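Hello,

Here is the structure I promised to pass on to you. Please open it beside this email and follow along as you read.

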Amino acid sequence: MNIDKKIADDLVANDVSFVTTVPCKQLAGVIEEMENREEIFHIPSNKEDEGMGLCAGAFMGGKRPAIIMQNTAIGVTINTLATLTQYYRMPLPMIISYRGELREPVACQVEMAVHTKALLAQLNIPTYHFHWQKDVEEFDNILKYTFMCNKPVAILTDANFWGGYGDQ
Amino acid sequence: MIRSEILKEIAPIIRDHLVVCNIGLPSQELHMIDDQPTNFYMLGTMGLASSIGFGLALAQDKPVISIDGDGSVLTNLGTLPTIANNATGNYTLLIIDNGSYGSTGDQPTYAGKKTSLTAVAKACGCDTVIEVPDKDLGPVLQSAIDSDEMTVIVCKCDSGNIKLPVITMDPVVIRHRFMEAVKA
C-alpha cells in the first residue's frame with residue numbers, strides 16, 4: 001500500500017479541497033501528492049498558525065480544509081487552536097508528522113514529542129496515533145468524524161508508520 | 001485621522017463586501033459603526049486577519065477585504081510571501097498603520113519607526129502595494145476592490161482610540177452569520 005496516495009485519496013473522497021502544508025522530511029511524499037492532485041488546492045504556509053488562519057478562511061468560503069505539519073507546531077499553534085478553530089467551532093483535520101517517537105534519529109525532536117499528546121489532551125483535541133501502516137485504514141473515518149463534529153482533530157503519524165529513516 | 005474615523009469614512013465602501021476585521025479595537029469599532037453580517041469579527045488570535053481573509057478569497061469569488069493593523073501584520077509577517085505568491089484578484093489587504101499597538105495601550109510598533117510595511121510587502125513579492133495618507137484612503141480602497149488585481153494598501157494615520165464596549169456576540173453566531181452572507 002502507498003500511504004501517501006491513500007491519504008490523498010481519502011482527502012479527495014471526503015471533499016477536502018484546500019490543503020496547507022509546512023514541510024517535514026517524513027511528509028515529503030504526501031506533500032507531493034497534495035501538489036499533484038487536481039482536486040486539491042495546495043498552499044504552502046510559512047508557519048502553522050498562518051496555515052490555520054488560511055484554513056479558517058477557506059472553511060468559511062465553503063471549502064473543506066486540512067493542514068499537514070510537524071508535531072512541533074502544536075507548540076506554535078495553541079492560541080490559534082483555542083481562540084480561532086475551537087472558539088468559532090471549525091473543523092480541521094491535522095495530519096501531523098510525529099517526530100521524536102520510535103525510530104527518530106534526532107534527539108531534540110524527542111523534547112516536543114514528550115509534550116505532544118499531553119498538549120493535545122489538555123486542549124481536548126481528539127487524537128489518533130498511526131504507528132503501523134495498516135492504521136491508515138482509519139483515516140477515512142477520522143475525516144468523516146472531523147467534519148461531523150466541527151473540531152480540530154489530530155492524526156499523529158510516527159516514523160515507524162512512514163517506514164523509518166533508512167540508514168540514518 | 002485615527003482608526004475609528006477611517007472606519008467611519010470607509011464603512012459605506014465596505015458595507016456590501018466580505019470583511020475580515022482584526023482583533024480588539026478595530027473589530028469593536030467596526031461593530032459599533034456599521035455591524036453587518038458580511039463582517040467577520042476576530043475576537044482573538046492576533047495576526048491572522050490577513051491569513052483568514054486570504055483563505056476566504058482563495059475559496060470563493062466574492063471580493064474580500066482584510067482590515068489589519070501594523071502591529072498585527074508584524075506579528076504574522078510570514079503570511080505576506082504566501083499572499084504574494086498565491087495572489088488572487090478578489091483580495092484586498094488594508095493595513096491601517098498608526099504606528100502603534102492600539103488595543104494594548106498605544107505602545108509604539110517598529111512600523112512607526114524604521115520599518116516600512118510598504119517596502120516589506122513589495123519585497124515579499126506583492127505586485128500592487130499602495131501607501132496612502134488617511135484622508136485619501138476612500139477612492140484608493142474603492143478602486144482596489146473594483147480592480148482584478150490583488151492590492152495591499154498601507155494607510156498611514158494617527159494613533160488613538162475611542163472608548164467603546166467589547167463585542168458580546170457569540171463566536172459561533174458571528175461565524176454562522178458570516179458564512180450565510182458568504183453563500184448569499
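Below is what I found, starting with the sheet and ending with the contact between the chains. Please keep in mind that this is a predicted model.

Let's begin with the sheet of chain A. Its six strands form an open sheet in the order 2-1-3-4-6-5, and the pairing is parallel. Strand 2 and strand 5 (127-130) of chain A are at the edges with a single partner strand each, so one side of each has no neighbour in the sheet. On average, neighbouring strands are turned by 20° against each other, direction ignored. For a closer look at one edge, find strand 5 of chain A: four bridges join it to strand 6 (residues 152-158) of chain A. A:Thr127, for instance, has A:Ala154 in strand 6 of chain A as its bridge partner.

Next, the helices. Helix 6 of chain A lies across strands 1, 3, 4, 5 and 6 of chain A, and runs at about 160° to strand 6. Helix 6 (residues 139-149) also packs against helix 1 (residues 3-13) of chain A, at an angle of about 35° and with the axes 9 Å apart. On the helix 1 side, A:Ile7, A:Asp10 and A:Ala13 make this contact, while helix 6 brings A:Phe139, A:Asp140 and A:Leu143. Four of these residues are nonpolar, two are charged and none is polar.

Finally, which helix of chain A gives the largest share of the side that touches chain B? The contact takes 25 residues from chain A and 26 residues from chain B. Helix 3 of chain A supplies that largest share, with nine residues.

Enjoy exploring!

Note on methods. Residues numbered from 1 in each chain as written. Chains lettered and ligands numbered in written order. Predicted model: local features only at pLDDT ≥ 70, side-chain atom pairs only at ≥ 80, totals over all residues. Axes fitted to C-alpha atoms, helices over the stretch in contact; angles between N-to-C directions. Helix = DSSP H or I, 4+ residues; strand = E, 2+ residues; numbered from the N terminus. Contact = placed C-beta atoms within 7 Å. Nonpolar A, V, L, I, M, F, W, Y, C, P; charged D, E, K, R; others polar. Pairing = 2+ DSSP bridges.
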